Structure formats: C-alpha cells, structure tokens
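Colleague: Before I rely on any of the labels attached to this chain, I would like to go through them with you one at a time and hear what stands behind each.

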Amino acid sequence: MFLNPNGLKFLGIDSLLFSLSFISSAQAETCTSLNIIGASGTSAKKTVSPFSTLVTNNNWNTDFAVPSEQSFSRFVATIVPEKRADYDLELNLKYSNETSDRSYKKGNVGVTFGHLLHLVGIPRPNSEPYQVNVFVGGLNAIGNTYTVSVEGCF
C-alpha cells in the first residue's frame with residue numbers, strides 16, 4: 001500500500017496484478033498427454049491417405065490410451081495442419097462396455113496452417129473412457145499432412 005498526497009491508502013497496482021496472477025494460476029487445470037495405441041509417443045504426424053477400398057485401409061483414425069489410474073474431466077485433441085485443407089473430423093470416447101460417445105463430428109472443416117484446432121470431449125458422469133479416437137481425413141484432405149495429439153485434463 002502507499003499513501004497519496006491526501007493521506008489516503010491505496011493498494012498498489014503491482015500487488016493487485018500479483019494477486020490476480022496467483023488466483024488464475026491456482027485455477028489452472030492440469031493436463032496429461034495420452035500415449036498413442038500401437039506406436040510410441042504422444043503425437044502422430046500423418047499424411048491423409050486415400051479412402052478405404054476392399055483391399056486397402058485408410059489412416060484416418062488415431063487411438064490414444066487413457067490411463068486407468070486417472071479420472072479426467074475432459075479430453076482435448078489438438079490438430080496442427082502443415083498447410084490449408086478441408087478435413088472431416090471426429091472425436092470419440094470409447095468405454096469398456098463396448099459403447100462410445102461421439103463428442104465432435106463435422107465434415108469439410110477448413111483448417112489453416114499456423115492455427116491449432118482443438119476438439120473437446122467430456123466423459124459420461126461416473127464413467128471413464130479407456131480410449132480416445134481422433135478421426136482426421138476426408139476426400140478433400142487426401143495428401144495433406146498434420147500432427148495430432150490428445151490430453152486428458154482435470
């Protein structure tokens with residue numbers, strides 16, 4: 001605090017900013033990067049393959065394992081494109097009873113280089129998914145490269 005020429009006490013701006021900074025950092029959520037299933041690491045760099053045929057598969061799905069010892073309040077998939085493209089996107093939460101929830105689904109989403117795209121999924125009350133599936137593909141996106149990762153947050 002300081003005194004102004006009239007003898008009144010004021011809280012200093014520095015003290016106020018420090019207090020606000022402390023409050024916002026105390027409320028920040030904690031997130032954990034999820035591991036990719038069938039590969040090592042927490043992110044995958046992919047180039048969208050042509051669509052599936054009777055003899056070939058596409059690479060439009062990436063699955064991430066949810067640790068069973070943690071309970072997350074939301075999942076955030078981050079997609080980072082290498083250039084502008086229109087993608088078909090989905091975020092699915094898979095549960096151990098063989099059901100899943102589609103948290104996001106949209107076709108021909110224009111994604112621009114340098115802009116991150118975040119897809120958010122909220123798990124069912126009192127139930128934890130074991131896997132997060134991120135679908136990135138579409139006919140308009142064939143040949144385009146992106147990086148995908150998922151975090152569980154609480």
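**Reasons behind the labels**

Modeller: Let us start with Asn-144, which sits in the loop between β11 and β12; please keep in mind throughout that this is a predicted model.

Colleague: What makes Asn-144 count as buried or exposed?

Modeller: The relative accessibility of Asn-144 is 7%, and the term buried applies under 20%, so Asn-144 counts as buried. Leaving out residues up to four places away in sequence, Asn-144 touches Lys-46, Thr-47, Val-48, Lys-83, Arg-84, Ala-85 and Tyr-87.

Colleague: How do you know which residues Val-148 is in contact with?

Modeller: A contact requires heavy atoms within 4.5 Å, and, with neighbours within four places in sequence set aside, Val-148 in strand β12 has such contacts with Thr-42, Ser-43, Ala-44, Thr-62, Phe-64, Thr-78, Ile-79 and Val-134. One of these partners, Ile-79, is 69 residues away along the chain, yet its C-alpha atom is separated from that of Val-148 by 4.6 Å. Val-148 has a relative accessibility of 1%, and therefore counts as buried.

Colleague: What does the chain as a whole look like in these terms, and how many helices and strands are there?

Modeller: The protein chain has one helix and twelve strands, and from the N terminus the order is two strands, then the helix, then the remaining strands. Of its 154 residues, 32% count as buried, and the chain exposes about 9,500 Å², of which carbon and sulfur atoms supply 56%. Among contacts between residues at least 6 apart in sequence, 74% join residues at least 24 apart.

Colleague: Why is the link of Cys-31 and Cys-153 called a disulfide?

Modeller: The sulfur atoms of Cys-31 and Cys-153 are 2.1 Å apart, and the pair is accepted because the limit is 2.5 Å. A search of the whole structure finds one disulfide. The two cysteines belong to distant parts of the chain, with Cys-31 in strand β3 and Cys-153 in strand β12, 122 residues apart. The link is right-handed, with 110 degrees about the S-S bond.

Colleague: How do you know whether each of these two cysteines is buried, partly exposed or exposed?

Modeller: Partly exposed is the term between the 20% and 50% limits; Cys-31, at 30% relative accessibility, therefore counts as partly exposed, whereas Cys-153, at 1%, counts as buried.

Colleague: Why is β8 described as largely enclosed?

Modeller: Seven of the ten residues of β8 are buried, so the strand is largely enclosed by the rest of the structure.

Colleague: What makes β8 and β9 count as paired strands, and how many bridges join them?

Modeller: At least two bridges are needed for a pair, and nine bridges join β8 to β9, with the two strands running antiparallel. Within this pairing, Tyr-87 has Val-109 of β9 as its bridge partner. The same requirement of at least two bridges is met by β8 and β11, which pair in the antiparallel sense over seven bridges, and there Leu-93 stands opposite Val-132 in β11.

Colleague: Which residue in the turn of the β8 and β9 hairpin has a positive phi?

Modeller: The hairpin has five residues between its strands, and Glu-98 in the turn has a positive phi of about 70 degrees. Such a value is worth pointing out because most residues other than glycine have a negative phi. Glu-98 also counts as exposed, because its relative accessibility is 72% and the term applies over 50%.

Colleague: What is the phi of Asn-126, and where is Asn-126 found?

Modeller: Phi of Asn-126 is near 60 degrees, again a positive value in a residue other than glycine, and Asn-126 is found in the loop between β10 and β11. With 86% relative accessibility, Asn-126 counts as exposed.

Colleague: Which residues form the nonpolar patch on the surface, and what makes Phe-51 suitable for it?

Modeller: The patch is formed by Phe-51, Leu-139 and Ile-142, with about 290 Å² of accessible area together. Membership needs over 30% relative accessible area, and Phe-51, at 45%, counts as partly exposed, so this requirement is met. Phe-51 lies in the loop between β5 and β6.

How values were computed: Residues numbered from 1 in each chain as written. Predicted model: local features only at pLDDT ≥ 70, side-chain atom pairs only at ≥ 80, totals over all residues. Heavy atoms only, no water. Buried < 20%, exposed > 50% of the residue type's maximum accessible area, 1.4 Å probe, protein only. Areas by Shrake-Rupley, 256 points an atom, 1.4 Å probe, with all protein chains shown as cover. Patch = residues over 30% accessible without salt bridge, like charges linked within 9 Å, V, L, I, M, F, W, Y side chains within 5 Å. Salt bridge = Lys/Arg side-chain N within 4 Å of Asp/Glu carboxyl O.
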